[in-house]
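User: I would like to learn how to read the contact between two parts of a protein chain. Could you take me through it, step by step?

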Amino acid sequence: MKKLSKFLVGVALVAGVISSGTASAETLKVGSTPTGVPFTFLDTSTEKITGVMVDIMAAVAKEAGYDVTTVPLAWSALIPSLTTGKIDVIAAAMFITPDRAKAVDFTDPVYQYGEGVIVPKSDTKNYVSLADLKGKVVGAQIGTPFLKALQDSGLFAEVRVYETLQDLMRDVNTGRLDAGVADFPIVAYQLSHGGFSNTRLVTSYKAVMPGQVGIAVAKGHPERVARLNAAIAKVKADGRIYAIVKKWGF
């Protein structure tokens with residue numbers, strides 16, 4: 001009987017070790033927009049969200065010991081979904097700004113870029129600044145820092161608000177909008193891949209609103225922010241983020 005008892009205890013201990021060793025990592029629900037090419041977008045061949053920030057988030061999460069599952073959301077729904085607990089983090093082309101930091105916490109920056117200006121191809125002027133567009137009808141996507149900058153400038157005949165970048169680019173492409181202001185890498189990528197053939201990126205324009213992209217985390221999780229920051233430092237230091245950005249042609 002004693003031998004049987006020892007055997008059962010041994011089995012229980014082994015089972016405990018096996019169970020502990022195969023315990024699954026915490027899974028983060030990652031909010032990403034399906035329309036932010038090339039940062040986050042729907043790959044129609046796989047029906048999955050892919051892109052620069054998806055790859056960066058995967059690398060950072062792996063280094064931090066997290067699993068991830070991507071939740072596709074409209075840009076305007078990202079922060080509300082984070083603050084209400086529907087998602088755990090946001091991985092998108094989202095700048096770290098003081099206004100956003102009031103609602104969510106951010107990790108250290110993972111990437112930096114500025115704004116780009118797009119106009120119909122029929123407009124061949126070499127615009128250098130927003131002041132050069134004075135009196136025109138311009139537009140930007142809701143939730144971006146570019147929209148407020150345009151509205152506050154007082155330079156334009158009208159500032160139109162767009163729910164999606166595709167809607168903004170479509171209006172420029174058809175001539176319904178004189179100029180659009182948006183994330184430079186996103187519009188550059190879309191135009192270089194054959195989209196919106198009647199639209200051009202103004203290469204003479206000098207960006208004045210550079211921003212840093214970070215991973216947004218719900219308030220009240222400082223340990224999660226610290227864990228992600230430690231991972232970001234490692235994937236920056238060993239060149240993984242640079243390799244991801246290079247892979248996407250930046």
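Analyst: What follows goes through the domains, then the interface, and then one residue. The model is predicted.

User: Into which domains is the protein divided?

Analyst: The division gives domain 1, made up of 27-112 + 212-248, and domain 2, which covers 113-201. Taken over C-alpha atoms, their centres are separated by 25 Å, and the contact draws on 15 residues from domain 1 and 14 residues from domain 2.

User: How much area do domain 1 and domain 2 bury between them?

Analyst: The size of an interface is often given as the accessible area lost when the parts come together. Here domain 1 and domain 2 bury about 1,300 Å² between them, with 62% of it on carbon and sulfur atoms. On the domain 1 side, Val-37, Trp-75 and Phe-95 lose the most area to domain 2, together accounting for 37% of what that side buries.

User: Which polar or charged links are counted between domain 1 and domain 2?

Analyst: The rule finds 0 salt bridges across this interface, whereas 4 residue pairs are counted in polar contact. Two or more residues of the domain 1 side come from each of β2 (35-36) and β8 (111-113), and the residues of that side divide into 10 nonpolar, 4 polar and 1 charged.

User: Turning to a single residue, why is Ser-204 classed as buried or exposed?

Analyst: Ser-204 is classed as buried because its relative accessible area is 17%, and the cut-off is under 20%. Ser-204 sits in the loop between β13 (199-201) and β14 (211-213). Leaving aside neighbours within four places in sequence, Ser-204 is in contact with Asn-126, Tyr-127 and Val-128, and a polar atom of the Ser-204 side chain lies 2.7 Å from the backbone oxygen of Tyr-127.

Methods: Residues are numbered from 1 along each chain as its sequence is written. This is a predicted model: local features need pLDDT of at least 70, side-chain atom pairs count only at pLDDT 80 or more; totals for chains, interfaces and linings use all residues. Side-chain values use heavy atoms; hydrogens and water are left out. Domain bounds come from an automatic or database domain assignment. Contact means heavy atoms within 4.5 Å. Buried area is the accessible area (1.4 Å probe) that two parts lose on being put together, summed over both. A salt bridge is a side-chain nitrogen of Lys or Arg within 4 Å of a carboxyl oxygen of Asp or Glu. A polar contact is a pair of N or O atoms within 3.5 Å; within protein, one must be able to donate a hydrogen and the other to accept it, and residues adjacent in sequence count only if both atoms are side-chain atoms. Helices (H or I, at least four residues) and strands (E, at least two) are DSSP runs, numbered from the N terminus. Ala, Val, Leu, Ile, Met, Phe, Trp, Tyr, Cys and Pro count as nonpolar, Asp, Glu, Lys and Arg as charged, and the others, Gly among them, as polar. Buried means under 20% relative accessible area, exposed over 50%, partly exposed in between (1.4 Å probe, protein chains only).
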